[in-house]
Every structure is written in C-alpha cells, then in structure tokens.
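Work through the exercises below with the model open. Try each task before reading its solution.

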Amino acid sequence: MGVTSKIRRFLLQRSVRKSRIPLTLWHSTTAQMPMMQRYANQEKMHLRLLAGHILAQKNIVPVNGFYLCDAMRVTIATQAAILVFRLEHPEQSDSLRWLRNWRQIVVYPTAFHNGRQTTFNIKGVMESWGGFESGETHYQGGIIINWQDDQPHPLRQHANQVLMHEMAHKLDMLDGDTNGHPPLHSNMNQQVWFDVFSEAFEQLNTQLEHGIKTTINPYAATNPAEFFAVTTEYFFEAPRVLQRAFPAVYQQLSLFYRQDFL
Ligand SMILES: [Zn+2]
C-alpha cells in the first residue's frame with residue numbers, strides 16, 4: 001500500500017469512527033441484511049459512513065403509532081446507502097447530491113391506504129386510484145414506505161425493495177420529469193438508455209397482452225417510471241432474474257448505479 005493510500009485509509013477510518021452509527025449496532029444490524037454480504041470490508045466502511053450521513057441529514061418518521069428502534073433506522077439508512085453507494089462520495093458528508101430533492105422518510109407499520117378515491121372519467125378510464133400501497137413518493141415531499149415490506153428478508157427471485165423503489169422515483173425526478181429517465185453519467189448514452197428501456201417496456205406490455213406470465217413484476221408495465229423503479233428493485237435484490245429477462249436493462253442500470261453483482 002502506497003503512502004497516499006495509507007493516508008486515505010487513515011482518514012477514512014477516522015471519519016468512520018466519527019460517524020453516527022456505533023460499531024456494535026452497525027454490525028448487528030447489517031448482519032441481518034443479505035444485500036450487505038456482497039461488499040468487501042473496505043466497501044462496508046464506506047457504506048457505514050454514507051448511512052451515517054443519511055441518518056444525520058434525513059428525517060425518518062414513524063406514523064400510525066409505530067415505533068422505530070435504532071436498528072430499524074440503521075437498516076433504512078443502509079438500504080438507502082447501498083442504492084447510492086457509487087453515486088455519492090462517502091467522505092464528503094455534506095454533499096449527498098443524488099438525495100438532494102427530499103428530506104423525509106415516513107414509515108408506516110404495514111401497507112397503508114393512500115387516502116384517495118378511485119375515480120373514472122367519462123370514457124371509463126381510471127383517473128385516480130384509491131387503495132392500499134406499499135410505498136409512495138411525491139414530486140414535492142418525501143418518501144413513504146411500510147416496515148413490513150421494507151424489513152430485511154432473504155433475497156428473493158420476486159424482488160421487493162420498497163425503499164429502493166421509492167428512491168428510484170426520486171432519482172428519476174432529479175431532471176424534472178418522472179419518466180424513467182434519471183440524469184445519466186457522462187459515460188452513458190441517452191439514446192441507448194431510451195431505446196433499451198422503451199424496448200423492454202414494450203416487450204413486457206406485449207407479454208401481458210398475450211397472457212404470458214412475466215419474469216418480473218407486471219407492475220413494471222404500468223408506465224416507464226414504474227418500469228425503472230421496479231427494475232431497480234430487481235437490480236439490487238434479484239440481479240440474475242433481471243439479467244435473464246432484460247440483459248440490456250441490467251447493463252444500463254449497472255452503468256447508472258455503478259455497481260455490478262454478476
Ligand atoms: Zn412506484
């Protein structure tokens with residue numbers, strides 16, 4: 001290890017020590033999170049630091065009489081940290097550039113009613129839907145999730161990562177539109193992203209129209225924004241399933257999140 005690397009490592013260890021997540025709490029909490037097992041020790045130090053910044057800068061608010069213990073808060077912050085692990089610089093505590101457009105995560109104990117009524121227009125097309133939701137994101141405002149769906153669970157073929165889903169919507173919104181197109185990095189190609197996602201979205205919709213059982217959650221066929229959010233869940237929880245179903249989508253998400261699990 002060169003002198004520069006040693007200094008960097010020393011500085012990183014020092015800032016990790018100062019981070020808000022005590023080591024025993026960090027170890028006991030992340031040991032329950034299968035997604036954490038992919039990362040090497042140095043990467044885990046970065047994630048701990050990033051999760052500490054997220055805890056310091058975002059409000060995690062339980063509602064409906066729910067109580068969040070420290071381990072639950074650390075779990076939520078760590079899930080957020082995993083999503084933006086390669087987007088944010090863990091040693092720059094005040095940046096969190098990719099998470100700049102929201103401040104609050106509201107946590108319900110279980111799925112919650114969205115408070116709306118289901119209405120149809122004169123042509124019979126649904127205008128608004130009322131019912132129980134796993135999570136929700138507003139353009140202006142925070143993220144809403146429920147703990148029952150968000151708590152750590154074994155990685156499943158049928159991905160279910162409600163916080164990552166809602167955060168993907170927030171990343172998508174960073175360029176002003178909620179259209180499944182987040183701001184891309186300079187080494188990525190806008191047209192390729194558009195072509196790859198449009199084609200996969202069409203393919204999924206065609207499968208549904210023909211009554212074919214889809215490999216990924218059919219909710220992704222709702223619109224391009226949901227397609228991006230749902231495929232983000234698969235990217236982190238069931239990368240092989242996504243790679244099998246839509247390899248080019250996996251590749252684009254790998255470029256976007258700057259992570260590769262295969
Ligand atoms: Zn969604």
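Four exercises on this predicted model follow, each with a worked solution.

**Exercise 1. The sheet**

Determine the strand order of the open sheet and find which strands stand at its edges.

Solution.
- Start with the order. The open sheet has four strands, arranged β1-β2-β8-β7, and the pairing is mixed.
- Now look at the ends. β1 (59-62) and β7 (136-137) each have a single partner strand, so one side of each lacks a neighbour in the sheet.
- Take the pairing of β2 with β8. Residues 104-108 form β2 and residues 143-146 form β8; they pair in the parallel sense over four bridges. Here valine 106 stands opposite isoleucine 144.
- Take the pairing of β7 with β8. The sense is antiparallel, over two bridges. Glutamate 136 has isoleucine 144 as its bridge partner in β8.

**Exercise 2. Around β8**

Trace the hairpin that β8 forms, the directions of the β8 side chains, and the helix that lies across β8.

Solution.
- The hairpin joins β7 and β8, with five residues between them. In its turn, glycine 141 has a positive phi of about 135°.
- Next, the side chains. Ile143 and Ile145 point one way from β8, while Ile144 and Asn146 point the other way. Are these residues buried or exposed? All are buried.
- Last, the helix. α6 (residues 162-173) lies across β7 and β8 and runs at about 165° to β8.

**Exercise 3. Two helices**

Classify the crossing of α2 and α4, then list the residues that meet.

Solution.
- The axis of α2 (residues 23-30) comes within 10 Å of the axis of α4, and the two cross at roughly 70°.
- The range 65 to 115 degrees counts as roughly perpendicular, so α2 is roughly perpendicular to α4.
- On the α2 side, the residues are Leu25, Trp26, Ser28, Thr29 and Thr30. On the α4 side, they are Asp70, Ala71, Val74, Thr75 and Thr78.
- By class, this contact has four nonpolar residues, five polar and one charged.

**Exercise 4. The domain contact**

Describe how domain 1 meets domain 2, and identify what α4 gives to the contact.

Solution.
- The domain assignment gives domain 1 as 1-153 and domain 2 as 155-262. Their C-alpha centres lie 19 Å apart.
- Count the contact. Domain 1 provides 24 residues and domain 2 provides 20 residues.
- On the domain 1 side, α4 (70-83), β8 and α5 (147-150) each supply at least two residues. α4 gives the most, with five residues.
- Sort that side by class: 13 nonpolar, seven polar and four charged residues.

Key: Residues are numbered from 1 along each chain as its sequence is written. This is a predicted model: local features need pLDDT of at least 70, side-chain atom pairs count only at pLDDT 80 or more; totals for chains, interfaces and linings use all residues. Two strands pair if DSSP finds at least two bridges between them. Two residues are in contact if their C-beta atoms, placed from the backbone, lie within 7 Å. Axes are lines fitted to C-alpha atoms, for helices over the stretch in contact, and angles run from 0 to 180 degrees between N-to-C directions. Domain bounds come from an automatic or database domain assignment. Ala, Val, Leu, Ile, Met, Phe, Trp, Tyr, Cys and Pro count as nonpolar, Asp, Glu, Lys and Arg as charged, and the others, Gly among them, as polar. Angles under 35 degrees count as roughly parallel, over 145 as roughly antiparallel, 65 to 115 as roughly perpendicular and the rest as oblique. A residue is buried if 20 or more other C-beta atoms lie within 10 Å of its own, exposed if 12 or fewer, and partly exposed in between; C-beta atoms are placed from the backbone.
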